[in-house]
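Hi everyone, thanks for making time for this. Please have the sequence and the 3D view open, and let's walk through them together.

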Amino acid sequence: MRTDRLVAILLLLQRREQVTAAEVARELEVSERTARRDLDALAMAGVPVYSMQGRSGGWRLVGGARTDLSGLTASEARALFLVAGPASAATPAVKAALRKLVHALPEPFRAQAEAAASSLVMDPQRWGSSRVEHRPPPRFLDELQDAVIRGVQVRLDYVDRRGTETERTVHPLGIVAKGPTWYLVTNTDAGRRTFRIDRVSSVEPTDDPVHRPEGFDLAESWREIADEVDRKRTPLEVQAVCTPEGIGKLRMGLGDRLEVGGSTIDGRIEVVIRGYNEYALAGELAGLVEWLEVTDPPGVRDHLTLIGNALVERYNRDSPDDSCLNPSPQPTQ
């Protein structure tokens, strides 16, 4: 992490021309002692930095010197700060350091670097599954992310799920990877819309600016979209009560289709479970009867009764003789 701090200090000097150890400490959230040690380390490494004593003193670069770091291209700066965004696998400490670096970038790159850090969300779980699957990013991903970062509208040729191809002009707001599938979140004349990027057949950026809803946050917007999709995929809600020791089993089996409520008089816990239909959900819940009691709707209870009767009939009929299960004791020698 010290290397990140040294780079941050160097860029800070280029932007402000003069800084004090106290200012560096506040900016990088370290002690003044650490800040002074880092400034000394820059000087010892050959960076032309020096200190000025007195009330108006501080640290400066000799002659306003600049380094090759100021030669970052816009695309290089954006790529760097993608690492600081929510999609990154970097540690929180690395993300924090990179977010600090963005404030020291040359002004022309700063806005796009900040946009890059919030342009992508990774949601690794497939729809309706706990399995994570990876596949190569789709064609046009780079072009669409560039449009998001630059804040320009794009014209898309898009093939929907029925195979109908249309041309649309959209306002790109962000990109989300949901399991192996990539989505473009947009603003349109009809409101917010989401497009699968693997169904995009052409992309043409325009010079028209994106109309971004006030206060838009990609991660929050995606949570709303994902919740809406889940509700459509699992429209049925089951009311039930569960023993406290069974809640963990339900969480493992049902994931975010489980909502946990308050306790009942007998110490059990109220839960709401979403599913596709009564029969399918009864089949899922049949293995949880040790901990779970469905209270509503009646149709799910009826299916559970049928499943229970079928299990009793099957395994009573096919069970071995009692003599096999309880053999006679053998005489001791």
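Let's start with one residue: glutamine 239 stands opposite valine 272, which belongs to strand 12. Before going on, please keep in mind that this is a predicted model.

So how many bridges join strand 10 to strand 12? There are seven, and the two strands, residues 236-242 and residues 269-275, run antiparallel. As a quick reminder, strands of a sheet pair through backbone hydrogen bonds, either parallel or antiparallel.

Now zoom out to the sheet. Four strands make it up, in the order 11-12-10-13, and the sheet is open with antiparallel pairing. Which strands are at the edges? They are strand 11 (258-263) and strand 13 (292-296), each of which pairs on one side only. On average, neighbouring strands here are turned by 30° against each other, if you ignore direction.

Next, look for helix 9, residues 247-254. Helix 9 packs on this sheet and touches strand 10, strand 11, strand 12 and strand 13. The direction of helix 9 makes about 160° with that of strand 11.

Let's turn to the largest nonpolar core, which has 20 residues. Val238, Leu250, Val271, Ile273, Leu285 and Leu292 are the ones that touch the most other members. Among the elements giving two or more residues to this core are helix 9, helix 10 (278-285) and helix 11 (298-317). Which element gives the most? That is strand 10, with four residues.

Click on leucine 292 for a moment. Setting aside neighbours within four places in sequence, leucine 292 is in contact with Ala240, Val241, Cys242, Leu250, Val271, Ile273 and Leu285. Apart from this core lies another one, of 18 residues, including Val152, Tyr158, Trp182 and Phe195.

Two of those names come back in my last topic, aromatic pairs. The structure holds two of them. Tyrosine 158 and phenylalanine 195 form an edge-to-face pair, with 5.0 Å centre to centre and 80° between the planes. Tyrosine 158 sits in strand 5 (residues 152-159) and phenylalanine 195 in strand 8 (residues 191-196), so this pair ties together parts that are 37 residues apart in sequence. Are these two residues buried or exposed? Both tyrosine 158 and phenylalanine 195 are buried.

The other pair is tyrosine 183 with tryptophan 222: the ring centres are 5.5 Å apart and the planes are at 40°, so the pair is tilted. Here tyrosine 183 of strand 7 (residues 181-188) meets tryptophan 222 of helix 8 (residues 218-233), linking distant parts of the chain, 39 residues apart. Tyrosine 183 and tryptophan 222 are both buried.

Key. Residues are numbered from 1 along each chain as its sequence is written. This is a predicted model: local features need pLDDT of at least 70, side-chain atom pairs count only at pLDDT 80 or more; totals for chains, interfaces and linings use all residues. Side-chain values use heavy atoms; hydrogens and water are left out. Rings of Phe, Tyr and Trp (its six-membered ring) pair if their centres lie within 6.5 Å; planes under 30 degrees apart count as stacked, over 60 as edge-to-face and the rest as tilted. Buried means under 20% relative accessible area, exposed over 50%, partly exposed in between (1.4 Å probe, protein chains only). Two strands pair if DSSP finds at least two bridges between them. Axes are lines fitted to C-alpha atoms, for helices over the stretch in contact, and angles run from 0 to 180 degrees between N-to-C directions. Contact means heavy atoms within 4.5 Å. A nonpolar core is a set of buried Ala, Val, Leu, Ile, Met, Phe, Trp, Tyr and Cys residues joined through side-chain atoms within 4.5 Å.
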